[in-house]
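This briefing is meant to be read alongside the sequence and the coordinates. It goes through selected local features, grouped by topic.

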Amino acid sequence: MLVYFVTDEPTKLPAVRAMLEPQHAVLPWVLGSDGTDIRSHGVLMVDIDLRQMARVDQLEFVLKDLAEIPEKLFVVHNLSRSMVAQAYALGATGVISRPKEAALKVAEIEQAETAAEDSAADQPADMDEGVAVFASMFSNVRNGRPLKLVDAQRATSKIITRVGQDGLSTWLDEVRRYHEGTFQHCLLVTGIAVAFGLDVGFSGGDVSRLGMAATLHDIGKARIPLEILDKPGRLVPEEEEIIKRHPAIGYELLKDVRGISPEILDGVRHHHEYLDGSGYPDGLSGSQISDLVRLLTISDIFAALVEVRPYKPAMPRQDAYQILCGMEDKLEGALVKAFRKVALAA
Ligand SMILES: [Fe+2]
Ligand SMILES: [Fe+2]
């Protein structure tokens, strides 16, 4: 595996080389020098003094060139809380307290990548095809490979067919039984949004657009560290801030993809906005929030409430619907009313 070692101190290089080579190839980049060949895979390891703003500025410049690299490991000596937050703010996907820990981390990353490639290439034969396409799309993005819009379209159209044929309840039960985490959540949101669109009499084109927005709405989470994303229990404020970046990350991942429609980009970026202006990332309010986004937000919140986590059983659909009804300043009342049938259908 290629390890790009970015440092402000050339004397750190021999020890890193001795630790990682020959299993891995170390490409050094000393801040202020010309850098190295730009590649788009491997691991980035950053060991600089993050307290020095001039160096952080230089680092940001380097990170722009290496933006395609999915795993970014930062060495934060003594794991000082503010410097750890700084590392994540700069795009870290993992933080270690000493360079010595890098060997283990790089090995873990390599193992995870191999496993993801194997599982994407080798889905069980009885796995629903829409789910399989969904899985490979997420693992591609997590591993820094480009997102193929055609994958999202295939997954969405399979889910529309399934929900149309078997109904939402069957879909919810199946997804909650077999899938976990963010992946379960996205499948649930897509099924719910599609059922909602079908129920309110959307045209085929509109159901597809809503379904695509739902399929892709949390794709930015594929770039959030798993230890934060799958953390059981409450997140600390710094972690919450990191999670809250996912709509903007998703938007950035998709905005230049050929064939993506503005409605889908709108859904990805704005599904956490509320009518009263209290949402994120842009603090939109009222008429700035489109109909498609309003439907998507209702589906998203409902899905989050009824999903199953290892530490949390599914909330009954009736209770989840009551919570939506209590969010009157944030969600459109008429749509929440229209959603009742979908939420409670047997
Ligand atoms: Fe989200
Ligand atoms: Fe979501």
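The points below concern metal sites, a strand and its partners, two helices, two peptide bonds and one residue contact. The model is predicted. Two iron ions (ligand 1 and ligand 2) lie 3.3 Å apart, with Asp218 coordinating both.

**Iron ion (ligand 1)**

- Four residues of the protein supply donors to the iron ion (ligand 1): Asp218 through OD, and His246, His271 and His272 each through NE2.
- These donors lie 2.1 to 2.2 Å from the iron ion (ligand 1).
- The angles among the four donor atoms run from 82 to 172°, and the site of the iron ion (ligand 1) is irregular.
- Along the sequence, the donor residues of the iron ion (ligand 1) follow the spacing D-x27-H-x24-H-H.
- Of the donors, His271 and His272 are both buried, and His246 is among the buried residues of helix 12.

**Iron ion (ligand 2)**

- The iron ion (ligand 2) is coordinated by NE2 of His185, NE2 of His217, OD of Asp218 and OD of Asp300.
- The distances for the iron ion (ligand 2) are 2.2 to 2.3 Å.
- The arrangement around the iron ion (ligand 2) is irregular because its four donor atoms subtend angles of 80 to 169°.
- For comparison, the ideal angle for four tetrahedral donors is 109.5 degrees.
- The sequence spacing of the donor residues of the iron ion (ligand 2) is H-x31-H-D-x81-D.
- His217 is buried, as is Asp218, the residue that coordinates both the iron ion (ligand 2) and the iron ion (ligand 1).

**Strand 3 and its partners**

- Strand 3 spans residues 43–47 and is mostly covered, with five of its five residues buried.
- Val43, Met45 and Asp47 point one way from strand 3, while Leu44 and Val46 point the other way.
- Residues on both sides of strand 3 are buried.
- Strand 1 (residues 2–7) runs parallel to strand 3 and is joined to it by five bridges.
- One of the bridge pairs between strand 1 and strand 3 links Tyr4 with Leu44.
- Strand 4 (residues 71–75) also runs parallel to strand 3, and four bridges join the two.
- Leu44 has Lys72 as its bridge partner in strand 4.
- Strand 3, helix 2 (residues 53–65) and strand 4 together form a β-α-β unit, which is right-handed.

**Helix 7**

- In helix 7 (residues 168–178), the buried residues are Leu168, Ser169, Trp171, Leu172, Val175 and Arg176.
- These buried residues are on the same side of helix 7 because they cover an arc of only 160° around the axis.
- The exposed residues Arg177 and Tyr178 sit on the face of helix 7 turned away from its buried side.
- The cover over the buried residues of helix 7 includes helix 5 (129–142), helix 6 (149–166) and helix 8 (181–199).
- Also included in that cover are helix 14 (291–306), helix 15 (317–325) and helix 16 (333–344).

**Helix 12**

- Helix 12 covers residues 246–254, and His246, Pro247, Gly250 and Leu254 are buried in it.
- The arc they cover around the axis is only 100°, so they are on the same side of helix 12.
- Helix 9 (204–216), helix 11 (237–243) and helix 13 (262–270) are the elements against which the buried residues of helix 12 pack.
- His246 thus links two topics: it is a buried residue of helix 12, and His246 is also a donor of the iron ion (ligand 1).

**Cis peptide bonds**

- Most peptide bonds are trans.
- Glu21 and Pro22 are joined by a cis peptide bond with omega of about 10°.
- Pro22 belongs to the loop between helix 1 (13–20) and strand 2 (25–30).
- Tyr280 and Pro281 are likewise joined by a cis peptide bond, with omega of about 5°.
- Pro281 belongs to the loop between helix 13 and helix 14.

**Glu238**

- Glu238 is located in helix 11.
- Glu238 counts as partly exposed because its relative accessibility is 30%.
- Apart from neighbours within four places in sequence, Glu238 is in contact with Arg81 and Ala85.
- The C-alpha atoms of Glu238 and Gln86 are 9.8 Å apart in space, and the two residues are 152 residues apart in sequence.

Key:
Residues numbered from 1 in each chain as written. Chains lettered and ligands numbered in written order. Predicted model: local features only at pLDDT ≥ 70, side-chain atom pairs only at ≥ 80, totals over all residues. Heavy atoms only, no water. Donors = N, O, S within 2.8 Å, 3.2 Å for Na, K, Ca; no water. Tetrahedral: all angles 85-135°; square planar, octahedral: opposite > 155°, others 65-115°. Buried < 20%, exposed > 50% of the residue type's maximum accessible area, 1.4 Å probe, protein only. Pairing = 2+ DSSP bridges. Right-handed = clockwise from strand over helix to strand, strands pointing away. Arc of directions from axis to C-beta. Contact = heavy atoms within 4.5 Å.
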